[in-house]
Amino acid sequence: MISLYTGAPTLTQLKVNPVSIRVPIMDNYDSVFFRQASPLLVVHSTANNTVVDTLNDAFSQYNLGSCVWDNSILKNRLSSLKYIIKFYHQQGVYDEFMTESDGHSVLSPFNPKSDLFPNGILSQKWFRKYYEKHPFAVVCIIEDNVELVQRLKEMKAVYTPSRIRLVVIIVGKKIDDERLNSIRVEVNISKADLYQLEDSANLQKDSETIVATITSTIKANASSFYSDIQHRIKQRHKKYYTLAESTDIDTKITLTPRFLETRNLIKEAIINEFISPHNMEPTLSTFETAYQNLIELLDENFPASIISELFDHDKELMLQLQNLIDTVAFHIVRGYLSVEKPVVALKKHTAHVVNVTEVLGSSRQKWLSSQYEWLAELMSTVPPSILNQTDAKQLKKTKNKLPTMPFFGGFQFFDGDYYDVYSHPGLIFMKAASLLNDDSIHRAELLEQASSLFKSDSETISGAANKKPSTGFLQYLDWELAQTFEKLLPKGDKALQYYETCFSYSDRKSNWSNLDSALVTKLMREYELRNDTHKLVTTAIRAASMKGISKFSIHTKKIPMDSVVLANDYDVIKVDILCFKDSNSRSLSVFEPLGTQMSIKPLIDLAKLQDILNVDDKLSLTINSLSVNYQKIDGQGKGNMKKVVVTHAPSSNPDLCPMIPDLKDEDETLEGSVNLTMNSDTKSSKVVQVFQPCQRAGTYIVSSVDVQLVISDVNGSVKIIQDKSIIIDALQSRPEIWHHDWVYVTDKDSKVAKRIPIRLHHDPPYMARVTSLKPKVTVSTQPTNIKGIVLGEKVTIPFNISHEMIGENKINYGKVQLSAKVDIIGGLDGEKDFITTQVNWDNLKDDEYLSLDDLSAKNGSEEHKLNIALHTRPNGPSLDSKSYKMNISMQTWVKDSQPEATSEEDDAEIAVYDTASFVYPIINKPLRCGFSVFPRYRNEGTSDMPCPFVVSDGEEAQPTSMPIVTRLWQGSLRLAPVEDCFDGQLPEIVKTTFNIRTKNQEVNIEKLGDVEENGDTMSQLFTSRSKSGSHRNVSVSTSVVIEWKRPGQHERTNFFETEEWEIALPLSDPRVLLEIEEEDTQSVKLKYILENPTPRIFTFTTSLAPNETTDGTSWDVSDTRNTSPLEQPAFPVLPFNRHTMVYYCRCSNESETVDLPRFKVYDVHFKVFLPTLVVTRKARVVNKCLKWIKKSGTS
């Protein structure tokens, strides 16, 4: 025995279409056993009007009905809760449910009046109680009248003891709030259970709103209702039961506790489905335990050896027990499908079949068939996305791998035993049919359902071929059905219909030749009996085209065939089209002849057709008319290709290849004639070639070939006619063969046809591209200094453009234009997207083409300027300019002159030719920049260092709070040329703008004056000032916008923004500043300013060492104006104050740069030396040594 607890891999959930699917009631069981569970809701309508009908329609949207599968059962899906809705239309109180009683229910095996007495388990009556009769709520739709309150009270009195919720919708005229409140109080119902609805313009919307509200609010009540029932079921084991005497019933089966335990388990599992209709997973274990008990009860009480000795009652009990086993198995299989474990579900079904067969024997074929029938019906309703998870690739991903062998529609498992599991419902229906040995109508119906499913898959499934049933399989299935119905209904039409469907799958390359021969024999004899000439001839023609069918004679009865019109759904001939210029090329220009080659090959064997139809004379196939239709497909107006009609000329030579008729123009149609007769001796195709000049450029195709043909014999006893339009695009739409084709050419000397290969260049053979004559346009650059383009630059490049006449100006072009396109090449593809371009000619708009019409009249050249702008997107990556280049590609656009064009839709064809290409390197920036910040000093007349000990009057008065220090700075931008840009020169600087800012809102940054230019250096003074005076440092961000021009081009101004530099500036640190004043080339005044911008008193010592220099310079500091000693002992510097020390020094060194004396300032408290900061361009630090830059030097 196989346990239903067999494990299976967990499969990945797939998306499904959440729709409700209903199937016919299964004939072998009471349908209530298999219905999908959901809370039962009764909609009781006591009125009959438009409002009631609209409400019922709204409730129907939430009705689960009697289906066995609805997608709302799927776990973890965002589907709304559906209900089993029963519509009740009687006037009285709904009372079809059973009320609770103190004794045993009539559904209990302990009640002598029950159909389960004395040893049954569960019948369909218990299922019907909760699926059809006992609701958890009643929605009463009632009109307002004087008896309203009384009727609602009666309903309330009936429903309340059974814990049934009453919801009332009053329809009719609008009721005021006072009346509503009165009804609610008298009836004792909540506000959420009383609604009113009147007939209005918004009736449907209002109805849907009320119904949506009701179905949402009663959801919790439904769960509580069925949870109480489940709780009472679980308490049954605590009760003591007394079984009544059953002397009048013959039975050998004793009602044991196992019977009652199983009964309660089934009831508990079913009620749990009502509680959680969206999640069957918690219910499955209960169902599986109940199933195991049922199998054991069946094995214990009804072994196969004693079935023939059972009493009638026990036989009925066995049947009841078996139905319960099948029912529980169905719920288990459906449960695993709902949690998207289809492989587990199918294995559970296999285990169920094995279990019952082991107990009752394997001879119960009808029962076995019914098991596969209900599985097939269930699987046919499950969404395909769930069943697709049985794919072998999904199985391989699971942890618990089982050896499997996949086949179409199922798997073979090797986990101890070999057994097949079918996943395709069509195969399951076939399995069910195969278990019925007799050729019954039911067996035929099962095969029909299988055939319908397979055909539906063949039409709808896209993708891999192994996902679809093969044509041969479908043909075999229809053959089986035809054979079955031929036995069951020999005089009916159903067998013939399936024989015809089976034959429709046959093709000219059939591999089932014996089956095809048998089909042709059956069909033609049947058509002969029915005197159906049309179908007889059609079948004969199809048979004559099939290679697997040998010559044989079927047609014996003389049926007239001298005027048979063949339908258009079958091809008698094949026409291959090839458009070409000559034997070497398919590319042609206007005024050149376009050749169209038609290779005509019969698809039927005329000799075989002669034998099949039992005709004495040989048959021939003649094409009376062959019409070639052209179509212009490029959307650029109408084409001027004329229709070509080739008729049959019996007197012409039939053996020519190719046959080229002389075409004459007759009312915009070219007409000609050749011999178009083919007979059974014709071995090769008829090849016809026609030529006509094309006077308008464009893309043309041969859209269709209209054929009028006749199959006849010499005496005229057979005449089969077909008029057909062959759509060429549908026949030859296979890109894999668009590599080459064959054109037939006749050797002038030997007059023997040769097949020459011609390349298709991946165009369909039935397509021709006709181009305009290429104009003679040349573009060259003028000598300029433009060797590269800078990102962000707008540059103008001059070009010399010439347009010369062709053939003494015989070609009259409609328009000739020159386009310019800029592409970025090199680098990384992702970074290219951050570079955008703008291009325009002269003063034209962006991307507007340059007209060359006037230039062609001059037959010379002109200068035109191309304006290009390169931009990068904000926040783009930093680009490596050496990796990128700018490619300027120019194309000539030619539009044919079409004087007959009358509308915008009838535009002329446009041809495009590559004309010139120019490549320039892209430079990341026009110059290199460096930025520095230097301290600067203003004289004591300013308020940069306000003294707290000096009280000022007037406008300069300071508040009594702590003074705020202002410090002066100089931002310096150093410029340098970029290699390979502007020949190593700097661009012309038009304007420089410093952007100096800080993110600290408590610090003010203010620029002073204009930008100062000093050679390659740009300087900007600015001040920093803390609003509160409490900031020691501030971070300053600086960027500079430079307006520049390319050297030699003064009409274009470009902008370049530098990177952003961030520098921390000290606001309240003591510092030593040095200011220098030159007296002559050897004398200098050194002014040292010691600043204390803090509220503390600092103590310093200073020393000046005139002879401590690195270049050997000796300084004389004996000037009488020197009042400050060279070495000063410790002295204080007061808060917010400056201490100034001036030294007049002289040296004998006449160099342009001279080392200054070493000046040291020592902080006594913090024991550190303060660096000396220069506030003038007359000194700078070189190798940690302070040097004086004389006037004759450079800064």
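Two strands count as paired if DSSP finds at least two bridges between them. I kept that cut-off at hand for the strand entries, and I note that the model is predicted.

**Strand pairing around β16**

I looked up the partners of β16, residues 643-648. Strand β15, residues 620-632, pairs with β16 in the antiparallel sense, and I counted four bridges there. Because the cut-off is at least two bridges, the four between β15 and β16 satisfy it. For a single position in this pairing I took S627, which stands opposite V645 of β16.

I then went to strand β18, residues 669-674. Six bridges join β18 to β16, and these two strands run parallel. As an example position I noted T647, whose bridge partner in β18 is S673. My entry for β16 therefore has β15 antiparallel and β18 parallel, under the two-bridge cut-off.

**Salt bridges**

How many salt bridges does the structure hold? I recorded 37. Side chains of opposite charge can pair when their charged atoms come close. I looked up individual pairs next.

The side chains of D144 and R179 meet in a salt bridge, at 2.8 Å from N to O. Which parts of the chain does this pair tie together? D144 lies in the loop between β5 (137-143) and α3 (148-159), while R179 is in helix α4, residues 177-187, so the salt bridge ties together parts that are 35 residues apart in sequence. I also checked accessibility for both. D144 is partly exposed at 34% relative accessibility, and R179 is partly exposed with a relative accessible area of 26%.

The side chains of E1079 and R1121 form another salt bridge, at 3.3 Å from N to O. This pair links distant parts of the chain, 42 residues apart. I placed E1079 in the loop between β43 (1071-1078) and β44 (1083-1092), and R1121 in the loop between β46 (1115-1116) and β47 (1127-1133). Is E1079 buried or partly exposed? The relative accessible area of E1079 is 41%, so I entered it as partly exposed. R1121 is also partly exposed, at 40%.

Salt bridges that share partners gave me one network, made up of D30, R35, R128 and E132.

I closed with K821 and D823, which form a salt bridge with the closest N and O atoms 4.0 Å apart. The cut-off for a salt bridge is within 4 Å. For D823 I noted 27% relative accessibility, which counts as partly exposed.

Notes:
Residues are numbered from 1 along each chain as its sequence is written. This is a predicted model: local features need pLDDT of at least 70, side-chain atom pairs count only at pLDDT 80 or more; totals for chains, interfaces and linings use all residues. Side-chain values use heavy atoms; hydrogens and water are left out. Buried means under 20% relative accessible area, exposed over 50%, partly exposed in between (1.4 Å probe, protein chains only).
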